[in-house]
Amino acid sequence: MIRRLWVTVAASVLLLAGCAIPHPKDSHGVTKVAATPAVADAVYDRYRVVRKKSLNRLDPQPLTTVEGGPVLAIDAGKLTVARRLLLSDRPDSTQDLRILDVYAPRLGSYPLWFVVVVEDRVRDLTKVQVFQRESSTTAWQLVASPETLTSTELPAFALDGTDALKPVDPLRADRMTMSPQDAIDAYAATLNHPAAESQVSEDSFVTQMRKVAAQQRRVDGVTFTQNWTARPVQYALRAADGGALVFGTLNRTDRYRIEKGRAIDWPEGSEQKAFLSGRLYTTGELRYYHQILVYVPPQEGKPVVLGQYGGVVDGFGY
Amino acid sequence: MRRFVGIMLMLIAVIAAAVGAGLAILLGTDNRTETGPHAIETTAPIVVTRPDVLSWAGPTVTLTVRVAPSQKVFVGAANAVDLDDYVGSVRRTEVTDYRPPWKLHTENVFGGDRLPRAPADLDWWVASASGTGSATMTVELPEQAFGLAVIAVGGGDLEGLQVTAAYELDGGFGIGLGLVGFAVGLGLFGWIALQGRPMTREMAVDDVDDEAETDEDEDEDETEAEPVEESEVVSKEQS
């Protein structure tokens with residue numbers, strides 16, 4: 001009986017002490033969960049509005065407030081192509097983008113970033129997008145937007161005790177087959193040297209890019225070369241199985257050298273037609289960005305591309 | 001054993017009564033206590049608290065700042081990551097230590113004179129207020145690493161800054177009185193235990209059990225003895 005009374009007294013004291021009385025803060029130090037779902041919703045609502053405005057005008061200028069980095073370059077490139085060629089089929093002009101999930105890491109300093117998984121009902125795709133806030137005084141911008149097929153199953157993300165994403169250091173392999181940066185570098189190497197042994201999977205992205213290059217090489221009287229380089233990885237997150245999901249960007253440069261006395265007329269509606277302005281007599285160069293979402297497995301297996309988003313961003317020719 | 005329990009209960013009762021009474025007296029019926037106005041010596045355009053200064057969550061704080069009558073002033077509360085990024089490169093006075101009700105240590109940090117953007121244009125303030133000559137902001141101290149900032153808006157500085165802080169604890173007065181009541185009850189239990197009187201019939205059995213040496217014996221006796229020995233024990237105590 002005495003013990004029971006003792007436990008009751010102790011429990012009552014603890015209950016009273018914990019009830020609404022000031023208490024020390026959580027032990028997460030100087031950190032911030034980059035964005036709550038409510039913040040992500042607000043950011044995405046603004047993004048939808050500005051994007052629609054940009055598409056309706058075929059003007060990339062409004063996009064500069066809500067997009068940055070390679071995504072802005074790719075979308076500006078698409079709008080430029082549409083405007084120069086006055087395409088009736090404007091790029092992605094209708095939109096039904098719905099947020100499926102929001103994931104945010106707990107970060108100790110700016111830039112802050114978070115991931116949204118978005119269903120694109122018009123194009124029947126899933127976008128895995130990264131929004132970043134460069135500093136406390138700038139706006140949130142979309143900086144990565146690889147697209148996956150709706151049938152592609154994303155690995156589960158690893159979350160900490162506060163449901164925050166666990167970021168992965170891009171330069172450390174840390175219980176994986178290779179580091180996130182090495183995985184993106186390996187893709188660039190595989191695309192540059194098709195004959196060499198590849199450290200990455202022969203996935204649909206690699207196959208598709210090789211097919212495009214092969215088509216270009218078939219043009220008579222033109223020497224075609226293609227070069228791939230990897231940009232530094234900024235966003236990588238831990239998967240629940242110990243692997244990582246990596247947002248990488250590849251630069252692709254297509255060069256055309258035309259034999260003397262010949263000329264190229266690009267097909268109507270092509271990117272080349274828009275950027276290389278009409279007939280090409282001597283040389284031409286087109287630059288592309290390809291954003292890829294790569295899964296790096298733990299322990300065994302090769303990295304594989306789960307989604308990509310790319311397009312021409314720049315070009316010249318004469 | 002009974003004596004020990006009695007002393008411990010009385011001790012807890014005294015502490016609970018002191019805390020409860022103190023809380024009720026400090027907060028009063030409006031659940032609020034105020035300190036200030038206190039002057040903060042600064043010639044900088046910004047005064048901020050360092051992230052580890054406000055290490056408690058829960059209470060609601062109302063901060064009233066007063067500056068020169070013509071000076072526009074902004075007062076805000078934000079996550080320390082946001083605040084550090086915002087004011088990190090600007091000349092400021094940092095509050096490096098704080099003890100309630102009002103004991104401050106400050107440090108001047110060199111930097112530029114202009115913030116990259118006006119504070120009112122930013123969306124990450126947890127709470128904020130602005131005014132000319134004075135501003136009042138109320139915020140519940142959150143769980144996250146957190147800081148307070150007073151900013152001179154539109155040029156100028158915070159010379160002559162005076163701060164009044166009010167701490168509010170929802171239901172604090174009631175909690176204080178509740179603690180006192182709890183202490184009285186507890187003290188009564190302790191007193192009864194000290195007197196050696198049985199508090200219930202079951203307790204009386206327990207008291208006899210205490211005379212037996214081991215806890216195991218006590219448990220066994222409790223279940224076995226209750227129906228048959230109860231009346232005998234009571235009569236022993238009464239005689």
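# Exercises on a predicted two-chain model

Residues 24 or more positions apart make up 82% of the contacts in chain B with a separation of 6 or more. The model is predicted. Work through the exercises with the structure in view.

## Exercise 1: Survey chain B

Task: Find how many helices and strands chain B has, and what share of its residues count as buried.

Solution.
- Step 1. Chain B holds five helices and eleven strands.
- Step 2. Chain B has 239 residues, and 33% of them count as buried.

## Exercise 2: Lay out the sheet

Task: Give the strand order of the open sheet in chain B, then explain which strands stand at the edges.

Solution.
- Step 1. Strands of a sheet pair through backbone hydrogen bonds, in either a parallel or an antiparallel way.
- Step 2. In chain B, six strands form an open sheet with mixed pairing, in the order 7-6-2-10-5-8.
- Step 3. Strand 7 (103-109) and strand 8 (127-132) of chain B each have a single partner strand, so one side of each is left without a neighbour in the sheet. These two strands stand at the edges.
- Step 4. On average, neighbouring strands of this sheet are turned by 20° against each other, direction ignored.

## Exercise 3: Follow strand 6

Task: Determine in which sense strand 6 of chain B pairs with strand 2, and in which sense with strand 7.

Solution.
- Step 1. Take strand 2 (residues 46-49) and strand 6 (residues 92-99) of chain B. They pair in the parallel sense over three bridges.
- Step 2. Locate B:Thr49. Opposite it, in strand 6 of chain B, stands B:Val95.
- Step 3. Turn to strand 7 of chain B. It runs antiparallel to strand 6 of chain B, and seven bridges join the two.
- Step 4. Locate B:Asp97. Its opposite residue in strand 7 of chain B is B:His105.
- Step 5. Trace the link. A hairpin of three residues joins strand 6 to strand 7 of chain B.

## Exercise 4: Covered or open?

Task: Decide whether strand 7 of chain B lies in the open or is covered, then do likewise for helix 2 of chain B.

Solution.
- Step 1. The cut-off for a buried residue is 20 or more other C-beta atoms within 10 Å of its own.
- Step 2. Strand 7 of chain B has seven residues. The number buried is zero, so the strand lies largely in the open.
- Step 3. Helix 2 of chain B is mostly covered, with eight of its eight residues buried. Among them are B:Leu83, B:Tyr86 and B:Val87. B:Asp82, B:Asp84 and B:Asp85 are buried too.
- Step 4. Look for what covers the helix. Helix 2 (residues 80-87) of chain B packs on the sheet, touching strand 2, strand 5 (72-79), strand 6 and strand 10 (146-153) of chain B. The direction of the helix makes about 135° with that of strand 5 of chain B.
- Step 5. Cross to the other chain. The buried residues of this helix in chain B also pack against strand 2 (32-33) of chain A.

## Exercise 5: Find the nonpolar cores

Task: Name residues that touch the most other members of the largest nonpolar core, and list the contacts of A:Val246.

Solution.
- Step 1. The largest nonpolar core has 76 residues. Those touching the most other members include A:Phe114, A:Phe131, A:Tyr187 and A:Val246.
- Step 2. Set aside the neighbours of A:Val246 within four places in sequence. A:Val246 is then in contact with A:Pro180, A:Ala183, A:Ile184, A:Val233, A:Ala236, A:Val294 and A:Val296.
- Step 3. A second, separate core has 51 residues, including B:Val75, B:Tyr86, B:Val87 and B:Val150.

## Exercise 6: Unusual backbone in chain A

Task: Find where A:Pro111, A:Arg175 and A:Gln299 lie, and describe the backbone there.

Solution.
- Step 1. Most peptide bonds are trans, and most residues other than glycine have a negative phi.
- Step 2. The peptide bond from A:Tyr110 to A:Pro111 is cis, with omega near 0°. A:Pro111 sits in the loop between strand 4 (106-107) and strand 5 (112-120) of chain A.
- Step 3. A:Arg175 is not a glycine, yet has a positive phi of about 65°. Its loop runs between strand 8 (147-149) and helix 4 (180-192) of chain A. A:Arg175 has 12 other C-beta atoms within 10 Å, so it is exposed.
- Step 4. A:Gln299, also not a glycine, has a positive phi of about 60°. It is in the loop between strand 12 (283-296) and strand 13 (304-317) of chain A. With 10 other C-beta atoms within 10 Å, A:Gln299 is exposed.

## Exercise 7: Check the confidence

Task: Identify where confidence is lowest and where it is highest in chain A.

Solution.
- Step 1. The mean pLDDT of chain A is 89, and 89% of its residues reach 70 or more.
- Step 2. Confidence is lowest in helix 1 (residues 2-18) of chain A, at a mean of 55. It is highest in strand 7 (residues 141-144) of chain A, at 97.

Definitions and conventions. Residues are numbered from 1 along each chain as its sequence is written. Chains are lettered from A and ligands numbered from 1 in the order in which they are written. This is a predicted model: local features need pLDDT of at least 70, side-chain atom pairs count only at pLDDT 80 or more; totals for chains, interfaces and linings use all residues. Two strands pair if DSSP finds at least two bridges between them. Helices (H or I, at least four residues) and strands (E, at least two) are DSSP runs, numbered from the N terminus. Axes are lines fitted to C-alpha atoms, for helices over the stretch in contact, and angles run from 0 to 180 degrees between N-to-C directions. Two residues are in contact if their C-beta atoms, placed from the backbone, lie within 7 Å. pLDDT is the predictor's confidence in each residue, from 0 to 100. A nonpolar core is a set of buried Ala, Val, Leu, Ile, Met, Phe, Trp, Tyr and Cys residues joined through C-beta atoms within 7 Å.
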